[in-house]
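Visitor: I am new to this structure and would be grateful for a close look at one part of it. Please begin in the interior and work outward from there.

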Amino acid sequence: VAGTLISGQLDEGRLTGSARLERFPLELVGEAFVGPTDVSAALTGVLRFDVPLGDATSGFVRIATEEVRLERAGVVTLGNVVLTYDDRSLVVDRAEFGGMGTWNARGVLSPEVLDFTLEAVEADFSPLLGLFPDLARYGVGAAGSFTFTANGSFAAPEMVLASDSLDIGLAGTRYRIEGTSATLSGVDLTAATTIRGLDPLVGALDFSGGATVMLEPLALRFVDFSFAGSLSVPGIGVIDEINGTISQDAQNNPTIELSGMLGAPLTVSGTLVPLDLRAGGTGLDLSFPALLIGSATASVDLRLEGVEGGLELGGSIQADEIVLDPGARAAAAQSSGQAQGDQQTAVDSPLATSEAVAATEAQGARNALAALAFDDLRITAPQRVLLALNIASIEAALDLTLSGTAADPQLSGTAEALRGSLRFSGREFTLDSGVATFTPSRGVYPDVTIAARTEFEKARVLSGSQGVRF
């Protein structure tokens, strides 16, 4: 990189040296993992290092900058840092950044001494988060205010995190974490917060509870959190009376137990790390406007697992009734737009809004959809798949298997008409047969075959016609 000079020496398993960095592009590290991003990060400053390769944690690194410039989707943050890492001790002499809001940090973080403060005031952390590949992939952003203090030592810490409001963007969705307070005193952790959906998910969950936390070695035990609230989930419906707990299993993996009402009882349970969740319910009221399903009553048995590169959803959905509504998608979009407008009127988000930000969020949403794979999810409805239009009234049955990803779904199976009628050119036709055949190569678009009949008056058909005989 032009203007950057690096010198170093490797001797007997120890790497020592220094560097003069001139507008060094930090984003190259992230792009090596996720490809081109909209993040640019330039660092100008000096660096010294002395690191034993056999025990890097006992090494020495000191960096002092003249300027750090971060930019993502038009949001620019400028700052400076002076920090020293020496044998498991981090001394932050100065870390100050400004742009959309400000944030600064200073102090000491080491096993023997904790004396550290971090304060953010209406700050946008999105440019900084964009440097981390796993976060950049899903368009993660954050903005708001909080204070964090750490005192004592790893053996007897006194830590406090407080925030009135912190907004989070994730894969095209936005949330607000509000009224947050968390305290670690010795090994006792207590915390409370509210997570509120802003767009497109709407609703709120209140969390509170505690755990035992040890910093050295790092360990989490006796987790006991509870939450309650309601959520309106696009493409599913309103889940009321949500109540749940987060705890640990015998292997100390964090687990969740959740119940709610989606027209009927819905349950979700399993481990959060590694992710392995089961969701089930009978007679649930569902709505999938994106698939033109105005309403449905169904029983579900679903499993969501974390796999390499993303998530995998399998199981079965058996519908007792499905009402198809071609106008459902437009109605849902209008309703969502109105709800989001009302939400925006009541709540202004510190997260930046612009065409560039919208493009970043949209790409994050596409990446998230591509990361959700369907493991031959079975969808069946023995009858009462209803379509009522001005030109048709049909009852059908379906037996489908969903594979592919949420970004590129693939259906296989059939949807077969049981009975119905069609209206064409002022005349009613009785449906003799109708079959929609889905094949994975055509995505979600079927081949359709329809046979229908009607009756004509012979005299009216022959009237004015030449050469027509029956």
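**Leu 377 and its surroundings**

Guide: Setting aside neighbours within four places in sequence, Leu 377 touches Leu 302, Leu 313, Gly 314, Gly 315, Ser 316, Ile 317, Leu 400, Thr 401 and Leu 402. The model in view is a predicted one. Leu 377 belongs to the largest nonpolar core, a set of 42 residues. Within that core, Leu 377 is listed among the residues with the most contacts, together with Phe 227, Ile 242, Ile 246, Leu 284, Leu 302 and Ile 322. Leu 302 therefore appears twice, as a contact of Leu 377 and as one of the best-connected members of the core, in which nonpolar residues are joined through side-chain atoms within 4.5 Å. A second core, separate from this one, has 28 residues, including Val 68, Phe 97, Ala 105 and Ala 150.

Leu 377 lies in strand 21, which spans residues 372-388. Strand 21 is among the elements that cover the buried residues of helix 5, as are strand 4 (60-72), strand 11 (173-185) and strand 20 (310-324). The buried residues of helix 5 are Val 357, Thr 360, Glu 361, Gly 364 and Ala 371. They occupy an arc of only 95° around the axis, which means that they sit on the same side of helix 5. An α-helix has 3.6 residues a turn, so residues three or four places apart point the same way. The length of helix 5 can be checked as well: its 17 residues (355-371), at 1.5 Å a residue, should span 24 Å, and the end C-alpha atoms are indeed 24 Å apart.

Phe 227, another well-connected residue of the largest core, lies in strand 14, which covers residues 218-233. Strand 14 pairs with strand 13 in the antiparallel sense through 13 bridges, and Thr 212 stands opposite Arg 221. Two residues connect strand 13 to strand 14 in a hairpin. On its other side in sequence, strand 13 (residues 202-215) runs antiparallel to strand 12 (residues 188-199), with ten bridges between them. One of the bridge partners is Phe 207 in strand 13, which is matched with Thr 193. Strands 12 and 13 also make a hairpin, with two residues between them.

Phe 97, named above in the second core, also takes part in ring pairing. The structure has five aromatic pairs. In one of them, Phe 97 and Trp 103 are stacked, at 4.6 Å centre to centre with 15° between the planes. Both Phe 97 and Trp 103 are buried. Ring pairs further connect Phe 97, Trp 103, Phe 125 and Phe 146 as a cluster.

Conventions. Residues are numbered from 1 along each chain as its sequence is written. This is a predicted model: local features need pLDDT of at least 70, side-chain atom pairs count only at pLDDT 80 or more; totals for chains, interfaces and linings use all residues. Side-chain values use heavy atoms; hydrogens and water are left out. Two strands pair if DSSP finds at least two bridges between them. Helices (H or I, at least four residues) and strands (E, at least two) are DSSP runs, numbered from the N terminus. The expected span of a helix is 1.5 Å times one less than its number of residues. Buried means under 20% relative accessible area, exposed over 50%, partly exposed in between (1.4 Å probe, protein chains only). The arc is that of the directions from the helix axis to the C-beta atoms. Contact means heavy atoms within 4.5 Å. Rings of Phe, Tyr and Trp (its six-membered ring) pair if their centres lie within 6.5 Å; planes under 30 degrees apart count as stacked, over 60 as edge-to-face and the rest as tilted.
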